[in-house]
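User: I have a model open and want to go through its architecture. Can you take me through it?

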Amino acid sequence: MTQQVPEITHRLIPSPAGRIHLAEQGAGPLVLLVHGFPESWYSWRHQLPALAAAGFRAVAVDVRGYGRSSRPAAAMAYRMLELIEDNVSVVHALGEESAVIVGHDWGATIAANSALLRPEIFRAVGLLSVPYTPRGGPRPSEIFAGMGGDEEFYVSYFQEPGRAEAEIEPDVRGWLAGFYAALSADTMPAPGAPDPHFVAKAGTLRDRFPAGRLPAWLGEAELDLYAGEFERTGLTGALNRYRNMDRDWEDLAAYDGAPVTQPSLFAGGTLDASTTWLSDAIEAYPVTLPGLVSSHLLEGCGHWIQQERPDEVNRLLLDWLAALPATR
């Protein structure tokens, strides 16, 4: 007998930011889904019904600064410690004591640190696309400034207030289309082409984006939804995550080199720079993620893994969740 899956419902819940918007589907153990840049709760549209059908309470948030969640004015309001407390507030507002947390891109880093700092709340953690790298080493801005030689790494570009906004906001839809295409397996620049993660002198990121074709996972309607959100909110809230990396490095000094010990999962794409550049972090998982249950690299997949390969990601998530200790 097929389980009847309820429709997605939306609500606003109070948080330290003011409010967090979330999309919810299903009933059962809570699975909290945290998106990355530049996305929204909508990036989990394929996972919500699959998790709900399998007997989970799937909840995808708009991270503060995005969508219908609050957008504090101060840049420091987007530090990691604040985002962790947003996640805790969501769990409590939903009447739960604990949750599995799963994140993609920046959401993976937020999820990992939520599990690290609040293990009594987050009993397991799933990371998509961006591997866990414990806090350590030099100040992040110093590392990024040394990358790229005569070119500028995109993180440094994003860290300067107002600079990326000036590039993006005159044509949000066109910029997003190019950014999504640049990191998708079927539309990314060919090997040897100028790298879209770097900015040439006096150039912009968009100079290196593919033009004229959307990736297979992104239809016009999906692009319209993403673009509509950022046209309404602007990009500053989202970009402020990049502008707090040094602050995070300072805030998390007590956790230098600390492992995340809860049961964990990692999945990334073989064509994603996040997995190739950070291959050493993946190799370090026996030390940094001692509770790792499964780790997967999807052949020929780009950065937007849960949208490029939704069926595979759903299967990996459900198999992993099924193996976790029951909560009730």
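Analyst: We can go from the overall fold to the sheet, the helix packing and some backbone details.

User: Fine. What kind of model is it?

Analyst: It is a predicted model.

User: How many helices and strands are in the protein chain?

Analyst: The protein chain has 15 helices and ten strands.

User: And what radius of gyration does the chain have, against a compact globule?

Analyst: The radius of gyration is 19 Å, and a compact globule with 328 residues would be near 20 Å, so the chain agrees with that expectation. Along the principal axes, the C-alpha atoms fill a box of roughly 55 × 45 × 40 Å.

User: On to the sheet. In what order do the strands come?

Analyst: The order is β1-β2-β4-β3-β5-β6-β9-β10, eight strands in an open sheet with mixed pairing. At the edges are β1 (9-15) and β10 (292-298), each of which pairs on one side only. From one strand to the next the twist averages 20°.

User: In what sense do β3 and β4 pair?

Analyst: Parallel: β3 (residues 30-34) and β4 (residues 57-61) are joined over five bridges. V34 stands opposite V61 in β4.

User: Which strands does α3 touch?

Analyst: Helix α3 (residues 106-117) packs on the sheet and touches β3, β5 (99-104) and β6 (122-128). The direction of α3 makes about 160° with that of β6.

User: What about α2 against α3, at what angle do they pack?

Analyst: Helix α2 (residues 80-93) packs with α3 at about 75°, and their axes are 9 Å apart. An angle from 65 to 115 degrees counts as roughly perpendicular, so α2 and α3 are roughly perpendicular to each other.

User: Which residues meet there?

Analyst: From α2 there are M80, L81, L83, I84 and N87, which meet W106, T109, I110, N113, S114 and L117 in α3. By class, this contact of α2 with α3 has seven nonpolar residues, four polar and no charged ones.

User: Now α7 and α8. How do their axes cross?

Analyst: The axes of α7 (residues 172-182) and α8 (residues 220-233) come within 9 Å and cross at roughly 125°. That angle makes α7 oblique to α8. The crossing of α7 past α8 is right-handed.

User: Which side chains or backbones are involved, residue by residue?

Analyst: At the residue level, V172, R173, L176, A177 and Y180 in α7 meet E220, L223, D224, Y226, A227, F230 and E231 in α8. The residues of the contact of α7 with α8 divide into eight nonpolar, no polar and four charged.

User: Different topic, backbone. Which peptide bond is cis?

Analyst: The bond from F37 to P38 is cis, with omega near -15°. P38 is placed in the loop between β3 and α1 (47-53).

User: And D105, what is its phi?

Analyst: D105 has a positive phi of about 60°, although it is not a glycine. D105 lies in the loop between β5 and α3.

Notes
Residues numbered from 1 in each chain as written. Predicted model: local features only at pLDDT ≥ 70, side-chain atom pairs only at ≥ 80, totals over all residues. Heavy atoms only, no water. Pairing = 2+ DSSP bridges. Helix = DSSP H or I, 4+ residues; strand = E, 2+ residues; numbered from the N terminus. Axes fitted to C-alpha atoms, helices over the stretch in contact; angles between N-to-C directions. Contact = heavy atoms within 4.5 Å. Parallel < 35°, antiparallel > 145°, perpendicular 65-115°, else oblique. Left-handed = near helix turned anticlockwise from the far one by under 90°. Nonpolar A, V, L, I, M, F, W, Y, C, P; charged D, E, K, R; others polar. Rg over C-alpha atoms; globule rule 2.2 N^0.38 Å.
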